[in-house]
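Biologist: Please take one part of this model and look at it closely. I want the cover around it, the empty space beside it and the charged pairs that hold on to it.

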Amino acid sequence: MFVQLVMWSFLLLPWLLLIPLDKSKIKRYFPAGLFGALVLTFVFQMAEKFDWWEIKQNIVLLDNITPFVYGVFLVGTVIILYFTYERFIVFFVTNLIVDSFLSFGLSKWYEYLGIYELINMNEFGVLLLTTVIALLIYLYQKWQDGVMIKEEFS
């Protein structure tokens with residue numbers, strides 16, 4: 001029961017963090033958050049295929065992907081972009097810190113709770129993977145900004 005509460009909390013509670021933020025900036029960065037969630041969804045599919053990790057417990061709505069992706073990760077991506085996007089170094093260092101916490105802290109806690117287990121990937125692999133995803137998200141946002149600016153002036 002506690003594990004289910006944790007997983008539902010990681011899916012739903014992060015969305016409350018967006019309430020006090022500027023709605024126009026959230027709209028600007030939300031597509032990049034969705035892009036990141038989509039990329040991470042593909043990563044979870046690859047993880048199943050290559051036995052990087054195994055999902056052992058989940059919520060009713062999801063099969064082989066943790067609720068973390070559509071809660072903490074998606075909202076966290078939007079919030080990190082919201083506060084750091086204009087300064088790449090700050091964005092990168094912030095992501096490195098958050099990804100390190102995910103890889104060496106949250107990941108261990110998830111394993112302890114029996115939510116998932118790393119098999120053919122270690123914590124450093126998770127850190128490398130999440131860092132690459134962060135860079136892809138940043139590049140996507142740069143591209144998205146270019147598209148939006150061109151459309152505004154067309």
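Modeller: A helix here is a DSSP run of H or I with at least four residues, and helices are numbered from the N terminus. With that in hand, Ala134 can be placed in helix α5. The model is a predicted one.

Ala134 is a good way in. Its relative accessibility is 7%. The cut-off for buried is under 20%, so Ala134 counts as buried. Phe92 is 42 residues away from Ala134 in sequence. In space, the C-alpha atoms of Ala134 and Phe92 are 7.8 Å apart.

The part to look at closely is helix α4, which covers residues 88–113. Start on its outside. Phe88, Ile89, Val93, Ile97 and Leu135 make a nonpolar patch on the surface. The area of this patch is about 440 Å². Helix α4 gives the largest share of the patch, with four residues. Val93 is one of the patch residues, and its place is in α4. Is Val93 buried, exposed or partly exposed? Its relative accessible area is 41%. That lies between the 20% and 50% limits, so Val93 is partly exposed.

Now go inside. Rolling a probe the size of a water molecule over the atoms shows where empty space is left. How many cavities of 30 Å³ or more are there? The count comes to one. The volume of this largest cavity is about 230 Å³. Its lining has 14 residues, and those closest to the cavity centre are Phe44, Phe68, Leu102, Tyr116 and Val126. Three helices each supply at least two lining residues: α2 (23–50), α4 and α5 (123–153). Which helix gives the most to this lining? Helix α4 does, with four residues. The class count for the cavity lining is 11 nonpolar, three polar and no charged residues.

The largest pocket is the next stop. Its volume is about 430 Å³. It is lined by 22 residues, and closest to the pocket centre are Val72, Phe73, Gly76, Ile80 and Val98. Helix α4 takes part again: α3 (69–84), α4 and α5 each give two or more residues to the pocket lining. Here the largest share comes from α3, which gives eight residues. By class, the pocket lining holds 17 nonpolar, four polar and one charged residues.

That leaves the charged pairs. Side chains of opposite charge can pair when their charged atoms come close. The model has five salt bridges. One of them joins Lys108 and Glu123, with N and O 2.6 Å apart. Lys108 sits in helix α4 and Glu123 in helix α5, so this pair ties together parts that are 15 residues apart in sequence. How do the two partners differ in cover? Lys108 has a relative accessible area of 43%, so it is partly exposed. Glu123 is at 14% relative accessibility, so it counts as buried.

A second bridge comes in just ahead of α4. Glu86 pairs with Arg28, and their closest N and O atoms are 3.2 Å apart. Glu86 is in the loop between α3 and α4, whereas Arg28 is in helix α2, so the bridge links parts 58 residues apart in sequence. Glu86 is exposed, at 56% relative accessibility. Arg28 is partly exposed, at 32%. Asp145 joins Arg28 and Glu86 in a network of salt bridges.

A further bridge runs between Lys56 and Glu117, again with 3.2 Å between the closest N and O atoms. Lys56 lies in the loop between β1 (53–55) and α3, and Glu117 in strand β2 (residues 116–118), so parts 61 residues apart in sequence are tied together. Lys56 is partly exposed at 44% relative accessible area. Glu117 is partly exposed too, at 33%.

Back to α4 for the summary. The helix gives four residues to the nonpolar patch. It gives four residues to the cavity lining. It helps to line the largest pocket. Through Lys108 it is tied to α5.

Key. Residues numbered from 1 in each chain as written. Predicted model: local features only at pLDDT ≥ 70, side-chain atom pairs only at ≥ 80, totals over all residues. Heavy atoms only, no water. Patch = residues over 30% accessible without salt bridge, like charges linked within 9 Å, V, L, I, M, F, W, Y side chains within 5 Å. Areas by Shrake-Rupley, 256 points an atom, 1.4 Å probe, with all protein chains shown as cover. Salt bridge = Lys/Arg side-chain N within 4 Å of Asp/Glu carboxyl O. Buried < 20%, exposed > 50% of the residue type's maximum accessible area, 1.4 Å probe, protein only. 1 Å grid on protein atoms, 1.4 Å probe; cavity = no way out; pocket = protein on both sides within 12 Å on 5 of 7 lines; lining within 4 Å. Points joined across faces, edges and corners; volume = space filled by probe spheres on them. Nonpolar A, V, L, I, M, F, W, Y, C, P; charged D, E, K, R; others polar.
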